[in-house]
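These are my notebook entries on a structure I was asked to look through. I set down what I looked up, in the order in which I looked.

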Amino acid sequence: MTTSFPDDFLWGCATAAYQIEGSPLADGAGASIWQRFSHDPRLMAAKGETGDIACDHYHRMADDVAMMKEMGLKAYRFSAAWGRVLPDGIGRVNEAGLGFYERLVDTLLANGIEPLCTLYHWDLPAALDDKGGWLNRDSAEWFAEYGRTMFERLDGRVKKWVTLNEPWVITDGGYLHGALAPGHKNVFEAPIASRNLMRAHGAAVKAYREVGKHEIGLVVNLEPKYAASESPDDKAATARATAYMNRQYLDPAIHGKCPAELAEVFGEAWVDWSAEDLALAKQKIDFVGVNYYTRNVTRADPTNWPLAANMVRQPLATYTTTDWEVFPRGLTDVLLWVKDNYGDPAIYITENGAAFFDPPVAEQGRIEDPLRVSYLRHHIAAVGKAIEQGADVRGYMLWSLLDNLEWSLGYSKRFGIVHVNFGTQERTLKDSAKFYREVIATNGACLS
Ligand code: PNW
């Protein structure tokens with residue numbers, strides 16, 4: 001049995017604070033935009049489903065870490081809720097909230113699991129949203145202050161930091177289409193939020209260089225776009241879609257430039273960045289975090305605003321319950337695309353996984369989830385192929401450890417390799433968790 005994975009490859013799972021913790025206002029925490037959004041039936045699609053309890057991880061953290069150890073995880077990517085640490089977003093530090101993350105990190109380390117901390121996984125303090133949130137240029141300084149607070153306390157124990165999780169989803173979901181918090185639908189806001197997010201990213205990396213000694217990176221969701229035909233219109237649509245989803249954030253962060261196609265996509269809403277803004281966004285980062293779920297076969301479609309591009313469904317493909325096509329080769333392709341276009345950076349897969357309908361827990365306590373096992377098997381093999389072709393991939397964080405709140409879609413979309421009974425909070429390892437344990441134990445050799 002052979003393996004393409006380096007000996008020190010970091011196998012782990014990922015989660016995010018609002019999706020699993022519960023008790024979002026406990027111990028002096030300030031409310032977030034997700035607290036507001038999920039409680040507002042005009043905004044939330046899965047009405048009545050909130051992060052109030054979620055997986056109750058806030059109270060079950062030690063047991064959850066014990067479970068991670070049992071599965072053999074070498075790493076765990078979590079996010080910190082900004083409002084637990086700084087209830088007003090800036091200013092006063094809430095020791096009790098910061099203490100939760102200190103305990104989590106210490107418990108992980110005591111169990112031999114490396115923590116990766118994401119500073120921002122979408123839960124902006126509501127107090128900052130009241131000042132305009134990501135539309136306010138001061139957000140860069142707010143975020144740097146929060147980052148500095150975390151770095152000063154935890155750097156060293158945490159050696160891998162992420163500034164933002166998926167800025168594309170934040171602006172497209174939160175400011176353009178309104179499907180995610182804060183629920184705005186305003187094409188003029190999206191490019192402004194986008195620019196401020198990248199200024200904030202840069203400001204946090206700068207703060208890290210003053211205080212921190214280890215690694216910091218940016219996490220982007222990438223979806224390779226394949227033209228549906230050779231027609232010039234479809235090819236142009238594919239270039240627009242690539243610029244919009246895959247290059248909008250990486251180009252400024254790494255090259256200090258914005259893709260020209262964005263002006264086409266946003267039309268009169270597009271505003272060029274100043275040289276100063278571009279310089280702030282472009283900071284040396286230590287790794288690129290890639291979240292990969294699916295691909296997109298793209299064709300021109302003038303009726304689909306603002307991209308004028310649309311996705312072609314693949315009649316023979318398998319789709320997940322979030323309606324994403326299963327396409328493992330796209331992960332190899334996108335890793336090589338990052339290598340070729342962004343200077344062969346160190347890469348961590350920071351999320352990859354799938355929601356499927358799982359059978360109810362059988363009496364023996366077994367949950368068979370063959371579709372998820374198959375998804376993972378083929379995607380992890382696709383990572384191996386990218387490594388063989390020279391991509392510097394250093395770790396794989398499976399999304400997700402636990403079934404959790406799939407944002408506006410609620411609890412019905414189950415991404416976990418551990419089943420959560422949301423009535424009793426009982427955890428049950430699915431077959432996919434046992435499969436992943438084997439992958440880790442053999443460093444990927446069991447795949448071949
Ligand atoms: C990611 N898209 O979201 C998030 O980081 C997770 O919190 C989330 O639970 C997970 O993926 C599953 O959805 C995404 O439309 C949301 O391309 C949307 C997209 C990609 C990622």
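The entries below take up a helix, the ligand, the salt bridges and one histidine.

**Entry 1: the model.** I note at the outset that this is a predicted model.

**Entry 2: helix 14.** I checked the length of helix 14, which runs over residues 329-341. With 13 residues at 1.5 Å a residue, the expected span is 18 Å, and I found the end C-alpha atoms 18 Å apart, which agrees. I then looked up its buried positions and found G330, L331, T332, V334, L335, L336 and V338. Against which elements do the buried residues of helix 14 pack? I recorded three strands listed by number, strand 6 (225-227), strand 7 (287-291) and strand 10 (347-351), together with helix 15 (370-388) and strand 11 (393-399). After helix 14 comes G343, and I noted that its phi is positive, near 75°.

**Entry 3: the ligand.** I listed 18 residues around the ligand, of which Q19, H121, E351, E406 and W407 come nearest. I next looked for polar side-chain atoms facing its oxygen atoms. For E406, I found such an atom 2.6 Å from an oxygen atom of the ligand. For E166, the distance from a polar side-chain atom to a ligand oxygen is 3.0 Å. For W399, the corresponding value is 3.3 Å. How much of the ligand does the protein bury? Taken alone the ligand exposes 450 Å², and the protein buries 89% of that.

**Entry 4: salt bridges, R36 and D130.** I counted 33 salt bridges. One pair I examined is R36 with D130, whose closest N and O atoms are 2.9 Å apart. R36 belongs to helix 2 (residues 33-38) and D130 to the loop between helix 6 (126-129) and helix 7 (139-154), so the pair ties together parts 94 residues apart in sequence. Are these two side chains' residues buried or exposed? I entered R36 as partly exposed, because its relative accessibility is 40%. I entered D130 as exposed, because its relative accessible area is 55%.

**Entry 5: salt bridges, D64 and R427.** The side chains of D64 and R427 meet in a salt bridge at 2.9 Å, N to O. D64 sits in helix 3 (residues 57-70) and R427 in strand 13 (residues 427-429), so this pair ties together parts 363 residues apart in sequence. I found both D64 and R427 buried.

**Entry 6: salt bridges, D358 and R372.** I recorded a salt bridge between D358 and R372, with 3.0 Å between the closest N and O atoms. D358 is in the loop between strand 10 and helix 15, and R372 is in helix 15, 14 residues apart. Since D358 has 17% relative accessibility, under the 20% limit, I counted D358 as buried. R372, at 1% relative accessibility, counts as buried. Following shared partners, I found that salt bridges join D358, D369, R372, D403, R414 and K430 into one network.

**Entry 7: H419.** I located H419 in strand 12 (residues 418-420). Because its relative accessibility is 9%, I counted H419 as buried. Which residues does H419 touch, not counting those up to four places away in sequence? I listed V361, I367, D403, R414, E426, R427, T428 and K430. Among these contacts of H419, D403, R414 and K430 also appear in the salt-bridge network of the previous entry. R427, another contact of H419, is the salt-bridge partner of D64.

Technical notes:
Residues numbered from 1 in each chain as written. Predicted model: local features only at pLDDT ≥ 70, side-chain atom pairs only at ≥ 80, totals over all residues. Heavy atoms only, no water. Helix = DSSP H or I, 4+ residues; strand = E, 2+ residues; numbered from the N terminus. Expected span 1.5 Å × (residues − 1). Buried < 20%, exposed > 50% of the residue type's maximum accessible area, 1.4 Å probe, protein only. Contact = heavy atoms within 4.5 Å. Near = heavy atom within 4 Å. Polar contact = N/O pair within 3.5 Å; in protein donor to acceptor, adjacent residues only side chain to side chain. Areas by Shrake-Rupley, 256 points an atom, 1.4 Å probe, with all protein chains shown as cover. Salt bridge = Lys/Arg side-chain N within 4 Å of Asp/Glu carboxyl O.
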